[in-house]
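Trainee: I would love a close look at one part of this protein. Could you take me through it step by step?

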Amino acid sequence: MYKLSACSSMPCGISLPPKIVLGSLRVHKQGNGRCTNVPRNVNLEKLQNNYLFPEISKRELQHMEKYPNAKVISLGIGDTTEPIPEQISLSMANYAHALSTAEGYRGYGAEQGNQALRKAIAETFYKGVAIKDTEVFVSDGSQCDISRLQLLLGSKVTIAVQDPSFPAGDFQDKTGRYQNIEYMQLGPQNNFFPDLTITPRTDIIFFCSPNNPTGHAATRKQLQQLVEFARDNGSIIIFDSAYATYISDDSPKSIFEIPGAKEVAIEISSFSKFAGFTGVRLGWTVVPEELLFSGGFPVIHDFNRIVCTCFNGASNIAQAGGLACLSPEGFQAIRAVIDYYKENARILVDTFASLGLEVYGGVNAPYVWVHFPGSKSWNVFAEILEKTHIITVPGSGFGPGGAEYIRISAFGRREHIIEASWRLEKLFSKGKSPLLTV
Amino acid sequence: MSLMNNLSTSMISSSSSAFLAPTSFNASRTRSVSVPLKSLNIVKCVSTPQEQQTAYKTKVSRNANIAKLQAGYLFPEVARRRAAHLLKYPNAQVISLGIGDTTEPIPDVITSAMAKKSHALSTLEGYSGYGAEQGEKAVRAALASTFYGNLGIEEDDIFVSDGAKCDISRLQVVFGSNVTMAVQDPSYPAYVDSSVIMGQTGQFQKDVEKYANIEYMRCTPENGFFPDLSTVARTDIIFFCSPNNPTGAAATREQLTQLVQFAKDNGSIIVYDSAYALYMSDENPRSIFEIPGAKEVAIETASFSKYAGFTGVRLGWTVVPKQLLFSDGFPVAKDFNRIVCTCFNGASNISQAGGLACLSPEGLQAMQEVIGFYKENTKIIVETFNSLGFKVYGGQNAPYVWVHFPGRNSWDVFSEILEKTHIVTTPGSGFGPGGEGFIRVSAFGHRENVLEACRRFKQLYN
């Protein structure tokens, strides 16, 4: 009933190792003549273990052992919880049934995605910014798309990431190069937008807005600055708009709303948080035709080659679901689910605000970002877990800029959110918690 | 704008079912057919777009590895020629025996499971979000017991994926750019192309039609389509596909024992592609792990595509035994797991529900029936070419027929067949220089199309 995070894997590039592997892999030492002569990939060798979610999971398990009757509420993992609207799952079921018929059977689909779906994505999300269906590449999700973009760009490019952000850990994992990554600090002091005047040039700028974990949606003005910065430096922005449909104000939902962006940006997005497709697997990447490498070669051409060589298309059933999501009725039903999570976020924001805590986000994204000045986020995490049996995410897992923050995710059943809010109120109301400095 | 028009020529996918009616996802399509002209976006057939002189350019260099690739991936090229042919002959009844795409409906027991899962996602009890990147436990367990029951491969050695093509690239990411690789020649193009993209190779050498730094292991009728390992240089990785795409050859137990020994002697890792194992008619090994010692030298990749018609549904798996170690003793499986967790987010839960149904007794039987159907197609094609006096290979253990056209350029033969019979095949040279002089005819298709195609072949070559 209450969700345990131990068994599911993480979104956003941070993952639990499989429970099974932890126990059963025994390293065979060299010397018994059983090793191959194949050297390990030096980049993977450099990787530290990603301690964040395995550690959270470990602590959760320990906590449950200590308090076997506790009703643990997970507001840690950003995993959707609400069922997919019926008309969408019905369309997937119908598509599956049709695969058993002569007329309805489909084999290989285009690696770039079903044409109707590409068109629907272009028309739904890029109306008015003239992105063509041929510039939309349907995928099995952002984590995979990011990997394919890295194959596209190669290992010699320099990268800038927001700090905090989920790729802060993710890019370390993928490239194994901690040195070549520029961390762009974000915080309340700079309105959660990096000071680009002190940001060195990198080839690639990874930018997520609305942001995970801070919840901040960059303003039009901020994105104009970003596009100009990229233009001046000849950089490519990889813009992650996975939470665009959570935006409440008039913050841009796509980088392509900014003039000139088509020549400097790629946009990635996903049906995961939009439609609850975290397990179904569907996303997309937009590569404008105008985006050119330094020699004038179109990026889209090479991306297409990667997609054709390293991928074989998203599942056709998932794509059928995607198309249903973008029908007027489907979209409306999905909106209701998004609004449900947004109401969860509002409740959480209100809870923390009423306690006098500095709270950010929760308005344009399903994440609430709470500041505990002077604290260490793992300590806050532990205090919250111990006293309220709630799992959160310590901000330091998203980069050094998250050190004094806790991320609370708004995915969850309403009753759990309300229960969690009540417990947090009890913990943090004046005098009860050493964490509050007020 | 000519640049954009030229771009569209390279946008053709490898799939022949790429063109669906815009308003209906489930639009029925006509059989053996012509594609609506307005959805074709072809202007000129050029292989690379020209540079823009006046447009804004970023300062990001193109990945030099991708620049090494000579042309598009093979199957989109075949599709492009097919599409161009349809422009020329809009009323032609084109039959596709080119891209190895399954055509027969998926058995009910399997699709019902996927429909059930879809419905369940709309319920509180049945909804599931992120799954384990390595795949659902039940699926891994079923794969282990179905295919590796007595071979000592365990559930946690198995990683469920969205297909072999993607797994091959993920394996390349694990290996990195500093390894050398060997491939059979001819072979499935994804091995070479992914190697180039990863930076493991040098430039393409036009005179020999090979990429520098790849060891091409020639497979011909003369050597029974098994390379003479005594002439093969040591490489870190050896890609080996059996039953083979495109030649249809299946390695014997003795040959695979040699291969495993070769890998052991050289400290190499075999990546064994067993996507067609269930098409085996002879008594050859279906898994590399049937060979003693293989767990210390091999990875096996496999797919539901050609067994269950899952080419569009997307489901496969890779086995990385615990015993497989890098030179420093580090388990390869740990690095593969790391890549799976950072570069992938699991196969679709609906596809996995289908996979589980495939592995039920009813599902396995249903798959065998579909496989049997394609094998019968293969038999018909083999008989046709035999009767025409061709030297025909394959077709016994794989759904591919490898027909020899001695002394002829395979793209020319491809074009001639397409022009004269409106049949799409695949030119052997697309699989490597060792494929020159051969045509691959795939046996996937509706029975009447296969029969009609054979009639046309007889007409052309009699």
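What percentage of the 462 residues in chain B is made up of buried residues? And please take a close look at K262(A) and its surroundings.

Mentor: Happy to! Keep in mind that this is a predicted model. To start with your number, 65% of the 462 residues in chain B are buried. That chain has 14 helices and 15 strands. Of its contacts with a separation of 6 or more, 74% are between residues 24 or more positions apart.

Now to K262(A). You will find K262(A) in chain A, in the loop that runs between β6 (236-240) and β7 (265-270). K262(A) is buried, and yet this lysine has no salt bridge. Why not? The nearest side chain of opposite charge belongs to E290(A), 4.1 Å away, and a salt bridge has to be within 4 Å, so this pair does not count as one. The side chain of K262(A) does reach a backbone oxygen, that of A130(A), at 3.2 Å. Setting aside neighbours within four places in sequence, K262(A) is in contact with V129(A), A130(A), I131(A), F256(A), P288(A), E290(A) and L291(A).

One of those contacts, I131(A), leads us to the nonpolar cores. Let us take the largest core before the one with I131(A). The largest has 151 residues, and those with the most contacts inside it are L152(A), F428(A), F175(B), I237(B) and F457(B). Helix α10 (residues 299-310) of chain A provides the largest share of this core, seven residues. A second, separate core of 125 residues includes I131(A), along with V160(B), V313(B) and V370(B). As a general point, nonpolar side chains in soluble globular proteins tend to be buried together.

F175(B) is a good residue to click on as well. Not counting residues up to four places away in sequence, F175(B) touches N41(A), Q200(B), I237(B), I269(B), V271(B) and I299(B).

That brings us to the place where the chains meet. Here, 122 residues of chain A are in contact with 126 residues of chain B. The area buried between the two chains is about 10,400 Å², with 57% given by carbon and sulfur atoms. Y105(A), Y108(A) and R305(A) supply 8% of the area that chain A buries against chain B, more than any other three residues. Across this interface there are 44 residue pairs in polar contact and four salt bridges. To see what K262(A) lacks, look at R40(A) and D335(B): their side chains meet in a salt bridge at 2.7 Å, N to O.

Note on methods: Residues numbered from 1 in each chain as written. Chains lettered and ligands numbered in written order. Predicted model: local features only at pLDDT ≥ 70, side-chain atom pairs only at ≥ 80, totals over all residues. Heavy atoms only, no water. Helix = DSSP H or I, 4+ residues; strand = E, 2+ residues; numbered from the N terminus. Buried < 20%, exposed > 50% of the residue type's maximum accessible area, 1.4 Å probe, protein only. Lys, Arg positive; Asp, Glu negative; His and termini not counted. Polar contact = N/O pair within 3.5 Å; in protein donor to acceptor, adjacent residues only side chain to side chain. Contact = heavy atoms within 4.5 Å. Core = buried A, V, L, I, M, F, W, Y, C linked by side-chain atoms within 4.5 Å. Buried area = accessible area lost by both parts, 1.4 Å probe.
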